[in-house]
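User: I have a structure open and want to learn how to read its main features. Where should we begin?

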Amino acid sequence: MCQLLGMNCNVPTDICFSFEGFSARGGKTDEHRDGWGIAFFEGLGCRIFLDPKPSVISPIADLVKCYPIHSTHVIAHIRKATQGKIALENCHPFCRELWGRYWVFAHNGNLVDFDFKSAGFYKPVGNTDSERAFCSILETLRQRFPDGKPPLEQLYLVLKEITESLAEKGVFNYLLSDGEHFFTYCSTKLSYIVRQAPFAAAHLVDEDVTVDFQELTTPSDRVAVIATIPLTDNEVWTQIKPGELLVFQDGLPLKF
């Protein structure tokens, strides 16, 4: 299975520390060697880096590690191919427009015998079940809400309905964001941590790197990090329950 990494914050923040450990899982501390990608929302724009090379040897990954791009919504993915060849068009995250905003999606799992029939607007470019699922989600949302993005409560209910239907096809852990709200669904394995004052030091599992966040933050900062497997070994992560769809905003999971 693939590896997911997400970040949602109340102020623009860089993901360099988390990505340092996460990228090691693309061929150094884990076997995921079939490409990787990361997306940063910046205002209405979205900056995306993709590479079919393993992240542990990717020059683009090296750039991201040392380039402190600040964002409130970040989605990253390291691929272990189950469907679709190893190619740039099959690297996550995928990006499409809906309601005048970019939407970004990354998936960990395998949807067996899932065939998406496009209604004419969203069509997969590559040949993964993940991109087909993303097109299916956006196609359904576009049909249900043709006049634009609905209130969050309505959007959540319809997205949950779509998600549960897709999850019947197999393992369906995913991260989804439009730069305003950050959706996280756990099918089998996904955890998160919320870092806020009082901040402390954190040590990576995959690299011998420690950062003292008290030196890098203000008391009002708040950052939620979501990952397939916890990235640090000296912090308490919350495991998301299988079948649970969470929405993060300003670094906190919202209650429904």
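Analyst: We begin with one definition. Contact means heavy atoms within 4.5 Å, and the angle between two axes runs from 0 to 180 degrees between N-to-C directions. Keep in mind that this is a predicted model.

User: Which strands does helix α3 lie across, and at what angle to β6 does it run?

Analyst: Helix α3, residues 129–144, lies across β5, β6 and β7. Its direction is about 130 degrees to β6. Helix α4, residues 152–167, also packs on the sheet. Helix α4 touches β6, β7, β8 and β14, and makes about 155 degrees with β7.

User: How do I read the sheet itself? What is the order of its six strands?

Analyst: The general idea comes before the case. Strands of a sheet pair through backbone hydrogen bonds, either parallel or antiparallel. Here the order is β5-β6-β7-β8-β14-β15, the sheet is open, and the pairing is antiparallel. The edges are β5 (94–98) and β15 (252–253). Each has a single partner strand, so one side of each is left without a neighbour in the sheet.

User: Over how many bridges do β8 and β14 pair?

Analyst: Five bridges, in the antiparallel sense. Strand β8 covers residues 182–186, and β14 covers 244–249. To find the register on screen, use C186: E244 in β14 stands opposite.

User: Which strands are joined to β4 by bridges?

Analyst: Strand β1, residues 3–13, is joined to β4 by seven bridges. Strand β2, residues 36–42, is joined to β4 by five. Both pairings are antiparallel. Two landmarks help: L5 stands opposite A76, and W36 has I78 as its bridge partner. Strand β4 itself, residues 71–78, is mostly covered, with seven of its eight residues buried.

User: Next, the interior. How many residues are in the largest nonpolar core?

Analyst: In soluble globular proteins, nonpolar side chains tend to be buried together. In this model the largest nonpolar core has 30 residues. W103, L141, F172 and F183 have the most contacts inside it. The elements giving two or more residues are β5, β6, α3, α4, β7, β8 and β14. Helix α4 gives the largest share, seven residues.

User: Which residues does L141 contact, beyond its neighbours within four places in sequence?

Analyst: L141 is in contact with L98, W99, L155, V158 and I162. Another core lies apart from the largest one. That core has 22 residues, among them F22, I38, V64 and A76.

User: How should I read aromatic pairs?

Analyst: A pair of aromatic rings is described by the distance of the centres and the angle of the planes. The whole structure holds 14 aromatic pairs. In one of them, F105 and F134 are stacked, at 5.1 Å centre to centre and 5 degrees between the planes. This pair links distant parts of the chain: F105 is in strand β6, F134 is in helix α3, and they are 29 residues apart. Both are buried. Ring pairs also link F105 and F134 with F172, Y174 and Y185 into a cluster.

User: Last, the cysteines. How many disulfides does the whole structure have?

Analyst: Zero. The test is a pair of cysteine sulfur atoms within 2.5 Å. For C2, the nearest cysteine sulfur is that of C91, 10 Å away. For C135, the nearest is that of C95, 12 Å away.

User: Are C2 and C135 buried or exposed?

Analyst: Buried: C2 has a relative accessible area of 7%, and C135 has 0%.

Definitions and conventions: Residues numbered from 1 in each chain as written. Predicted model: local features only at pLDDT ≥ 70, side-chain atom pairs only at ≥ 80, totals over all residues. Heavy atoms only, no water. Buried < 20%, exposed > 50% of the residue type's maximum accessible area, 1.4 Å probe, protein only. Pairing = 2+ DSSP bridges. Helix = DSSP H or I, 4+ residues; strand = E, 2+ residues; numbered from the N terminus. Core = buried A, V, L, I, M, F, W, Y, C linked by side-chain atoms within 4.5 Å. Phe/Tyr/Trp six-rings, centres within 6.5 Å; stacked < 30°, edge-to-face > 60°.
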